[in-house]
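Here are my notes for you on this chain, set out as numbered points. Keep the 3D view open and click along as you read.

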Amino acid sequence: MSQPAFDFGDEPVDDAANPTYSVGELADAINDQLRRGFFDGVWVRGEIDGLRNSGPHTYFALVEDTERGRAVMNVSLFAPMKRNLTPVLKKNRLELTNGMKVRIYGHLDYYAPNGRLGLKMAGIDPRFTLGELSQARDQVVRRLVTSGLYDANRSRPWPAAPLRVGVVTSVGTAAWHDFHHEIETSGFGFELRVCDTRVQGEGADRSVAAAVTTLARRSDVDCVVVIRGGGARNELATFDAESIAMAIATSTVPVITGLGHEIDRSVADEVAHASYKTPTACARALIDAVADFSSQIEQAWAAITAVAERRVTEASGSLVDRAHRVARRTHAAVERADERLSTREERLATTPSRLLTNHEQRLTALAERLVRRSPQLLDAETRSLDAAASRLALLDPVNLLRRGWTITRDADGAVVRSVEQAPTGSVITTELADGTLTSRTEEP
């Protein structure tokens, strides 16, 4: 085995063909080569990971999962360049966050103090990031349309008075404050069931989806509201997540959203029953719905009252008419009754006198007739009485006794009509014309 590297010989330690670098010289040489190899800079795309701010500077890594494993490039965004890029990010409403896919421009730099190769960020392509967001969003929408869930929540019936509201938000944020203040000052009796959850950052999509599902399963919720304030577009992209869209689409109660800025419209907005530009507008929509219901109730009540008053008035008029008719008929009936009573009084006053006169005339006629017929009737009755007296005299026992007849009585005074009534030894009394005989029967 030959070891030429250790064959020091008489060759010079340092020459132009085979120079020996110090560490600092090598670092400078590497950086010179990097600048020559990549000209004035290089564009790199990847996903931000491990983002951290240190003073005015920002550091993160660009990562990419490849077939050979994960590739990592450290990126430094120093304060001067950060000030230059901030207007670009704000103009496109982007904010560097973990998980954000970016295409950035920078210079490769070998940092001698720690011996690490990195990229000094000097620019960013907002169109790339927005395009990635839009593409991901479009893919979610296409899958929802294909599965038939895109309009599912809009088919849910909207409650007449959505007073029991489930709220998915981050309590303590300006969005929650605006929404809650609007609801509280409405004067209506809203009942809020709040699910405090993360609405941005890692895991926010899963938290929001779980909150929507939990509230939608409650029996005391009329609708669910998902709200958050404005922010960077890539942060609002949380609401483009398929998990949130599925939770909203499959909710059994209507879900309305009040997300982000006026110009933003997320997938969650697309599949919700209704979407509003801000949390305040979302609260206003609920209040308007309850106010409309209250107005309808008041109008219905006013209509019922008007109908009732009209019918009462009509009934009162009808009752008065009937009362007048009854009064007129009663008065007429009373007048007729008075007339009949007067007629009967007159009749009663005249009839007895006439009857008395008639009976008196009849009595006079009968009396005259009786006077005229009395002697004749008296003679006839006298003769009849005499005849009767003669017949009675013939039957008188005294006369019979005078003619020799007797009457025999037993001891008890009973008339003896047979010898059997006077057995031997009986005391009997015999009545004669001039007296009585008492005797005792003997055996013949």
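**Notes on strands, domains and salt bridges**

1. Let's start in the middle of a sheet: Gly258 stands opposite Tyr276 in E10. Keep in mind as you look that this is a predicted model. The strands behind that match are E9 and E10 (residues 274-276), which pair in the parallel sense over 3 bridges.

2. Now look at what else E9 pairs with. E8 and E9 are also parallel partners, this time over 5 bridges. One spot to click on is Arg228, which stands opposite Leu259 in E9. If you wonder what holds such neighbours together, strands of a sheet pair through backbone hydrogen bonds, either parallel or antiparallel.

3. How many residues of strand E9 are buried? The count is 5 of the 5 residues in 255-259, so E9 is largely enclosed by the rest of the structure. Try following the directions of the residues, too: Val255, Thr257 and Leu259 point one way, while Ile256 and Gly258 point the other way, and all are buried.

4. There's another sheet for you to find, an open one of 3 strands in the order E11-E12-E13, with antiparallel pairing. Strand E11 (407-409) and strand E13 (436-440) sit at its edges with a single partner strand each, so one side of each has no neighbour in the sheet. From one strand to the next, the twist averages 25 degrees. E11 and strand E12 (residues 427-431) run antiparallel and are joined by 3 bridges, and Arg409 has Thr429 in E12 as its bridge partner.

5. Time to zoom out. The domain assignment splits the chain into domain 1 (23-134), domain 2 (148-292) and domain 3 (398-441). How many Å separate the centres of domain 1 and domain 3? Taken over C-alpha atoms, the answer is 181 Å.

6. A word on the annotation: UniProt, in an unreviewed entry, lists residues 21-122 as "domain: OB-fold nucleic acid binding". In the model, that span is 27% helix and 49% strand, and its end C-alpha atoms lie 30 Å apart.

7. On to the charged pairs. The whole structure has 21 salt bridges. One of them joins Asp222 and Arg164, with the closest N and O atoms 2.9 Å apart. This pair links distant parts of the chain, 58 residues apart: Asp222 is in the loop between helix H5 (204-216) and strand E8 (223-228), and Arg164 is in strand E6 (residues 164-169). Is Asp222 buried or exposed? Its relative accessibility is 16%, so Asp222 counts as buried, whereas Arg164, at 31%, counts as partly exposed.

8. Next, find the salt bridge between Arg284 and Glu182, where the closest N and O atoms are 3.3 Å apart. Here the link is between helix H9 (residues 279-395), which holds Arg284, and helix H4 (residues 174-184), which holds Glu182; the two residues are 102 residues apart. Arg284 is partly exposed at 36% relative accessibility, and Glu182 is buried with a relative accessible area of 18%.

9. One last pair: Arg193 and Asp220 meet through their side chains in a salt bridge of 3.3 Å, N to O. They are 27 residues apart, with Arg193 in strand E7 (residues 191-196) and Asp220 in the loop between H5 and E8. Arg193 is buried, its relative accessible area being 17%. Elsewhere on your list to click, Arg137, Asp138, Asp240, Arg265 and Glu270 are joined into one network by salt bridges that share partners.

Technical notes. Residues numbered from 1 in each chain as written. Predicted model: local features only at pLDDT ≥ 70, side-chain atom pairs only at ≥ 80, totals over all residues. Heavy atoms only, no water. UniProt positions renumbered as here; feature names shortened; annotations may be inferred. Helix = DSSP H or I, 4+ residues; strand = E, 2+ residues; numbered from the N terminus. Salt bridge = Lys/Arg side-chain N within 4 Å of Asp/Glu carboxyl O. Buried < 20%, exposed > 50% of the residue type's maximum accessible area, 1.4 Å probe, protein only. Domains from an automatic or database assignment. Pairing = 2+ DSSP bridges. Axes fitted to C-alpha atoms, helices over the stretch in contact; angles between N-to-C directions.
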